[in-house]
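Q: I'd like a close look at one part of this model, with a friendly walk through what surrounds it. Could you take me there step by step?

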Amino acid sequence: MSQGRYEMVVGLEVHVQLKTRTKAFCGCSTDFGAPPNVNTCPVCLALPGALPVLNEHAVELAVRAALGLGCRIDPISVFARKNYFYPDLPKGYQISQFDQPLAVGGSVVIGQSDKGTDLRVGITRLHMEEDAGKSIHDRYPGETAIDLNRAGVPLIEIVSEPDIRTSADAGSYLRTLKQILQYLDVSDVSMEEGSLRVDANISVRPPGQTKLGTKTEVKNMNSFSAVEKALEAEYARQCGLLDSGGRVEQQTLLWDGAKETIRPSRTKEGSHDYRYFPEPDLRPLMLDSKWVDKARKDLPELPAARKARLATEYGLPPVEVEQLTADPALAEYFEEVARAAGDGKAAYNWVMGEVQATLRSSGEKIGLFRVRPADLAQLITLVRDGTISHTAGKRVFTQMVETGKPAAQIAADEGLVQVGDESAIATWVDEVLNEHPDEAARYLAGEKKLQGVLVGFVMKKSKGRADPKRVNQLLSSRGG
Amino acid sequence: MAVTRDDVLHIAELARLGIDPARADELTKELSAILSHMEVLSHVDTTAVSTTAGVGAGGTPLRPDIGVPGVSSAARASIAPVMRDGFFIVPRLATHEDSGESTA
Amino acid sequence: MSVENYTHLGAAQIASSVRAGDASPADMVRASFNRATEIGAGHDELNIFLHSDEKGSVEEAEQMQTRIRGASDIGVLAGVPVAIKDNIASLGLPTTCGSKILKGYVSPFESTAVARLRANGALVVAKTNMDEFAMGSSTENSAFGPTRNPLDVRCVPGGSSGGSAAAVAAGITPIALGSETGGSVRQPAAFCGVVGVKPTYGRVSRYGLVAFASSLDQIGVLGRTVDDAALGLESIAGFDKMDSTSSDADVPIYRLAALGKPAPEARNPDTEAIRIGRSPVPLPPPPGPSTLEGVVIGKPKEYFPDSLDPEIARLCERAFDRFRSMGATVRDVSLPRSPLAIPVYYILAPAEASSNLARFDGVRYGLRVDPGKGLKAMYEATRSEGFGPEVTRRILLGTYVLSAGYYDAYYKKAQAVRTLIADDFRAVFTSGVHAIFTPTTPTTAFPIGAISDPYEMYLNDIFTVTANLAGVPAISVPIGRVRRLPVGGQIITAHFDEYEMFRVAYALEAGLGAEAHQ
């Protein structure tokens, strides 16, 4: 394999839409899915005479993201204009940051090396910018339709160091980054909705060579797995070029997700001369060090810290911790249940079992789930106390989802409170043996494996109220 | 630095200004003449000048993240050269085939 | 009050009489339009107005009359007709920047400056002609034909705010808004024999001013007298949350500068009446030997070169004599980097303009020319049809100096030298000098068509452009005439010291008296 003779070198540029109510430089809504151009004003339509004013919350979120990724915040950062013509870029320039970005020098741990050390991907810089609008090329023949609802929505661009060596590591980096941003609650980080976009810079070089090869830029990937596939494809192409004595040319390539191939973009190289210069309509962004320190102190717990804590506090194995921490809202739900119920293992079982199954079928988000953690904790306590059986517990849960009533009330109303009373259970056992003379006879004759079937009949008759332990004991004593 | 005709054609392309080829020669001369007056700046010692941007103290003011009404659809339609179904309509980029490719 | 002497009334007089019920706003608006007709403000004559709507303006004035009867407070500019440069967005009338690319464009929002004028009771009568996108010094670059100087119709009125200066000079309005990037208010004020003020950068909101070079642009006021300019500026100055570069510094009562007292002394609540316009307008006290006592006026040698027209130099010396006779000290000073200002300006301003004018692309508003050959052809056809030769030249120049490989040599270098130019002013003002006095322009108004070389035209800004680069306030006041054409003198003060600037300007105006127009 010729490919093994080259090392893949990848750096990723990730654009993330910040979770603000209004745009970066005007008061228009950032709502996704409004009718075309409804969320526009003089500023984001670039009407003559309109001027930008920076959204405070966008700054807060960008700073939070930068701190969460371990970046150093520059007390003075400068907005710049990136000039190019495109019909969905109303001003003819994008307000971005160029030589004085908001933050530099962070890193993300994406796993462990074979030697057990952290595998780290460096963050070169994180800067703020505004999004462009949408150009729709397939709606009208020969024409392009422009929707500027997205124009001016605040973004951060996170540029990684060229530290990534495999497509799998690229995937890990993206998944880790996405999780951190979710925990920081700065973005919806959804590639489908376009709130997270990835461009890749890739080059190859013989192992041991320190000088970087000529890189290409790959765009248009719409999922993390597409990023991995596109990197593999481009790696193979570059290796092939070098093997056949050719040279890699600096260019922009597009990933075709349907055909799973890459092809050159039609943009002419050299036609990009963005003529960056400081944005004169905004003064430099100045951040007070005390304010930044407070933002750092107020950072939420990040995934790595939470995983470590869940493992020790609740004694959960790594696999279960990974499942629970995949989504910060899920982890928070779990913790509230576990604390209230005083039982991490049971909380894990219920949350990853019944709760997740219900959410999967309804499509609801856990943050809006009707059964609140305290309610679920009550249910767990009822089962643990033996007030209701585990089977009844599942029925109670279903009712809780349907009615929103507390577990104890449902258990009482439905007559599911477990009956430990010897005589009541004895009556049900007698009735079952009478109603099923054949099974009864065989059981009493020593066919022990029928005990489970008979217990099931008793549980059914008691509508789940009978304590299965007592039923078993009673049957065993009858069976002698 | 004298401006060449190619420079003029290149920057005209960047600025999306359709330049009549006949006018390009004149503009080359005009721009060269204007820029020759700028040469004086290259002799000024600016090594001690700090690069802090912006006149006056204080950072850029920040706006609360609160919505304000925008431009009405009637107003948009009244100023737009071509509008359809709420979209601004422009001729298709001559080289454009992919619907996915947007901007940088 | 009679409107027969309308062309001689100051804004404060008009407002007082309207507030007192002696005249109606509609009378004033009619007088303004009558004067416009009489002098020939229309397209085929002086070509001062680009857009006006007499009927609409009169109706607006009549509505104001109803409010006056209802005794509601209508502000310090009650019933004062004003003209607005066509690059300042206003509701009701088009905002075309003197360009074909915006022909017929009516802004759906209003500039802060115009909104504040209206809130103070002013009535907009017209949008005035200008060099296209404010790029020019003669108003010859308007897509809608040149404006003629009302004092000599063979001559230009200066520019780029030539229409606004001409409207004031012709007696159509006592106040007009203009805009400056390199001298576009002061230079036409000088050419037309009126007062023109450019405040400190950030003093007036730029929201709604169509950008030419954002780091230099500032709305200014043209007035018949210093008092008109002070009243006009006071009405529009102050912080605006819509403009990130506007300043929240306190706005003093500029008109109190007429009393000839230093700023702190003038802060007297008794004089608040002048500001709110309820009392009769006080005439500035006749200038005396103590009017400018303790004031140091700087005379920068770089602005009085040997090559300066001796007649202009003579009028400046007369002004210096007046300053001395009012108790001021005149001191020789130096602004050594000022000679670099034109090269710096003609790098920075076109650079910013090339970016600011990218939005005129035929997509969302304005002209579209579509040859049917795709998007790029539409852009190029629209912009080459829509922009005139000077705008095209400056966009190309600006694109060039920002493009890869040239940024450091031009843009970055020019920014650094700009800082040095500002440092020169700072040094003079921290050395005990209160105000700097210079000629506003190196020449008087020149004949239409006389200057065809672009760089020669740029040199018109040679004395004004430094104040824009440094961001300091400056005002041009008439100081006499040469060969029957007006000459302006310029007073420059430190950042946000408009008060001191007006104090010296009021004194000079009073000290010269009728000589200012002789």
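How many bridges join β13(A) to strand β14 (residues 252–256) of chain A, and do the two run parallel or antiparallel?

A: Happy to help, and please keep in mind that this is a predicted model. Between β13(A) and strand β14 (residues 252–256) of chain A there are 3 bridges, and the two strands run parallel. One pair to look for on screen is K219(A), whose bridge partner in β14(A) is L254(A). To get from β13(A) to β14(A), the chain passes through helix α3 (residues 224–243) of chain A, and this β-α-β crossover is left-handed.

Now turn to the other neighbour of β13(A). Strand β12 (residues 196–205) of chain A is joined to β13(A) by 4 bridges, and here the strands run antiparallel. Within that pairing, V218(A) in β13(A) has A200(A) standing opposite. As for burial, strand β13 covers residues 216–221 of chain A, and 5 of its 6 residues are buried, so the strand is largely enclosed by the rest of the structure.

Let's step back to the sheet that holds these strands. It is an open sheet of 9 strands in chain A, with mixed pairing and the order β3-β7-β8-β11-β1-β12-β13-β14-β15. At its edges stand β3 (72–73) and β15 (261–264) of chain A, each with a single partner strand, so one side of each is left without a neighbour in the sheet. For β15(A), 4 bridges make the link to β14(A), and these two strands run antiparallel. L254(A) turns up again here, with R263(A) as its bridge partner in β15(A).

Two helices of chain A are worth adding to the picture. Helix α2 (residues 167–184) of chain A packs on the sheet and touches β1 (7–17), β7 (103–112), β8 (118–130), β11 (154–160) and β12 of chain A. The direction of α2(A) makes about 115° with that of β7(A). The crossover helix, α3(A), also packs on the sheet, touching β1, β12, β13, β14 and β15 of chain A. Its direction makes about 25° with that of β12(A).

Elsewhere, chain A also meets chain B. That contact takes 49 residues from chain A and 36 residues from chain B. On the chain B side, β1 (62–63) and β3 (87–91) each supply at least two residues, and the largest share, 5 residues, comes from β3(B). By class, the side of chain B that touches chain A has 15 nonpolar, 13 polar and 8 charged residues. Strand pairing reaches between the chains too: 4 bridges join strand β10 (residues 143–147) of chain A to β3(B), and the two run antiparallel. In that pairing, E143(A) has P91(B) as its bridge partner.

A few words on chain B itself will help you place that strand. Its secondary structure comes to 3 helices and 3 strands, running α-α-β-α-β-β from the N terminus on. Of the 104 residues in chain B, buried residues make up 27%.

Finally, a look at chain C. The axes of helix α10 (residues 310–325) and helix α17 (residues 498–512) of chain C come within 10 Å and cross at roughly 105°. That makes α10(C) roughly perpendicular to α17(C). Where they meet, A319(C), R322(C) and S325(C) come from α10(C), and L508(C), G511(C) and L512(C) from α17(C). The residues of this contact divide into 3 nonpolar, 2 polar and 1 charged.

Notes: Residues numbered from 1 in each chain as written. Chains lettered and ligands numbered in written order. Predicted model: local features only at pLDDT ≥ 70, side-chain atom pairs only at ≥ 80, totals over all residues. Buried ≥ 20, exposed ≤ 12 C-beta atoms within 10 Å, placed from the backbone. Pairing = 2+ DSSP bridges. Right-handed = clockwise from strand over helix to strand, strands pointing away. Contact = placed C-beta atoms within 7 Å. Nonpolar A, V, L, I, M, F, W, Y, C, P; charged D, E, K, R; others polar. Axes fitted to C-alpha atoms, helices over the stretch in contact; angles between N-to-C directions. Parallel < 35°, antiparallel > 145°, perpendicular 65-115°, else oblique.
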